[in-house]
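Okay, thanks for coming, everyone. I'll put the sequence and the structure up, and then walk you through what I found worth talking about.

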Amino acid sequence: MTGFATGLAFSALAIFIAEMGDKTQLVAMSLATRYRALTVILGITVATAVVHAGSVLLAEVLGATLPTDWLTLAAGVAFFFFGVWTLRGDEMTDKDEERTASRRIRSAFVTVFVVFLVAELGDKTMLATITVGTQHHWLPVWIGSTVGMVAADAIAIALGAVLGKKLPERAIQIGAAVLFFVAGAAMVVQGVWTLAA
């Protein structure tokens, strides 16, 4: 049990620290300006659990090796797509507004899940989870890394929810798009640099 607690605490702390100021934390903040905080937290939690489950599995099976260059490149291209999508905005009619709340929540949940899943692929927290997973049992690392990530992003979500009530919608769209473009450019450069090395 001591090994379990150590792996849990170490992975939670390591991922919490790695996530502070990371691009996925900025993504969480921008998503919280657009969707309900609970929806964002749930989407991020599920996306993180999925990515980190894959990370600890890779750590168990492959050790610390993972071809992150192609994942990073693909995620960067996807971020450009998300940036354009964010700038274009969603066309919402009065009829769309009248649809049931549960359908809107499901749609928002899927959007948050997909955006965050793509953002996390090849990210430093994913790599940190793999690294920690090579040193500790996969189960406490999976739980701890997910908890650490969600805790760090909850800070950004709370800040994004507060800012979202005070910022004009167009400013939020432009800000979120800029974040997507910057993160996408960084990921594409990193992916190309790694492939060329």
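Let me start with a question: how do the residues of the lining of the second largest pocket divide into nonpolar, polar and charged? Hold that thought for a moment. One thing to say before we get there is that this is a predicted model.

So, the answer: the lining of that second largest pocket has seven nonpolar residues, two polar ones and three charged ones. The space in there comes to about 160 Å³. As for who is in the lining, we have Lys23, Leu26 and Val27, then Gly122, Asp123 and Lys124, and then a run of names further along, Leu179, Val182, Ala183, Ala186, Met187 and Gln190. Two helices, H2 at 23-32 and H9 at 169-196, each put in at least two residues. The top contributor is H9, with six residues.

Let me zoom out for a second. You're looking at nine helices and zero strands, and if you read along the sequence the pattern is just α-α-α-α-α-α-α-α-α. The protein has 197 residues, and 40% of them count as buried. Accessible surface is about 10300 Å², with 72% of that belonging to carbon and sulfur atoms. And here's a number I like: take the contacts with a separation of 6 or more, and 94% of them are between residues 24 or more positions apart.

Now, which helices are covered up? Back to H2, which we just met at the pocket: eight of its ten residues are buried, so "mostly covered" is a fair description, by the cut-off of under 20% relative accessible area. The buried ones are Lys23, Thr24, Gln25, Val27, Ala28, Ser30, Leu31 and Ala32. Notice that Lys23 and Val27 are on that list and are in the pocket lining too.

Then there's H7, residues 124-133. Seven of its ten residues are buried, so the rest of the structure largely encloses it. Those seven are Thr125, Met126, Ala128, Thr129, Ile130, Val132 and Gly133.

What does Ser55 contact, leaving aside its neighbours within four places in sequence? Ser55 sits in helix H3, residues 37-62, and what it contacts is Met126, Thr129 and Ile130. Those three are among the buried residues of H7. Ser55 itself is at 0% relative accessibility, so it's buried.

Let's stay on H3, and go to Glu60, which lies in that helix as well. Glu60 is partly exposed, at 43% relative accessible area. Not counting residues up to four places away in sequence, Glu60 touches Gly133, His136, His137 and Trp138. With His137 the two are 77 residues apart along the chain, and their C-alpha atoms are separated by 8.3 Å.

Val50 is another H3 residue, partly exposed with a relative accessible area of 43%. Setting aside residues up to four places away, Val50 touches Phe113 and Leu117. Its C-alpha is also 9.5 Å from that of Trp142, which is 92 residues away along the chain. And one more from H3 is Leu42, which is partly exposed at 45%. Leu42 and Val150 are 108 residues apart in sequence, with 9.2 Å between their C-alpha atoms.

I mentioned Phe113, so which way does its ring pair with that of Phe109, stacked or edge-to-face? The structure holds one aromatic pair. It's Phe109 with Phe113: the ring centres are 6.4 Å apart and the planes are at 15 degrees, so the pair is stacked. Both lie in helix H6, residues 101-120, four residues apart, or about one turn of the helix. As a general reminder, an α-helix has 3.6 residues a turn, so residues three or four places apart point the same way. Phe109 is partly exposed, by the way, at 27% relative accessibility.

Last stop is Leu139, over in helix H8, residues 138-164. Leu139 comes out partly exposed, with a relative accessible area of 28%. What I'd point to is Gly7: it and Leu139 are 132 residues apart in sequence, and 8.5 Å apart in space, C-alpha to C-alpha.

That's what I have, so let's discuss.

Technical notes
Residues are numbered from 1 along each chain as its sequence is written. This is a predicted model: local features need pLDDT of at least 70, side-chain atom pairs count only at pLDDT 80 or more; totals for chains, interfaces and linings use all residues. Side-chain values use heavy atoms; hydrogens and water are left out. On a 1 Å grid over the protein atoms alone, a cavity is a set of points where a 1.4 Å probe fits but cannot get out, and a pocket is an open set with protein on both sides within 12 Å along at least five of seven lines; lining residues have an atom within 4 Å of a point. Grid points are joined across faces, edges and corners, and a volume is the space filled by probe spheres set on the points. Ala, Val, Leu, Ile, Met, Phe, Trp, Tyr, Cys and Pro count as nonpolar, Asp, Glu, Lys and Arg as charged, and the others, Gly among them, as polar. Rings of Phe, Tyr and Trp (its six-membered ring) pair if their centres lie within 6.5 Å; planes under 30 degrees apart count as stacked, over 60 as edge-to-face and the rest as tilted. Buried means under 20% relative accessible area, exposed over 50%, partly exposed in between (1.4 Å probe, protein chains only). Contact means heavy atoms within 4.5 Å. Accessible areas come from the Shrake-Rupley method with a 1.4 Å probe; for residues, only the protein chains shown count as cover.
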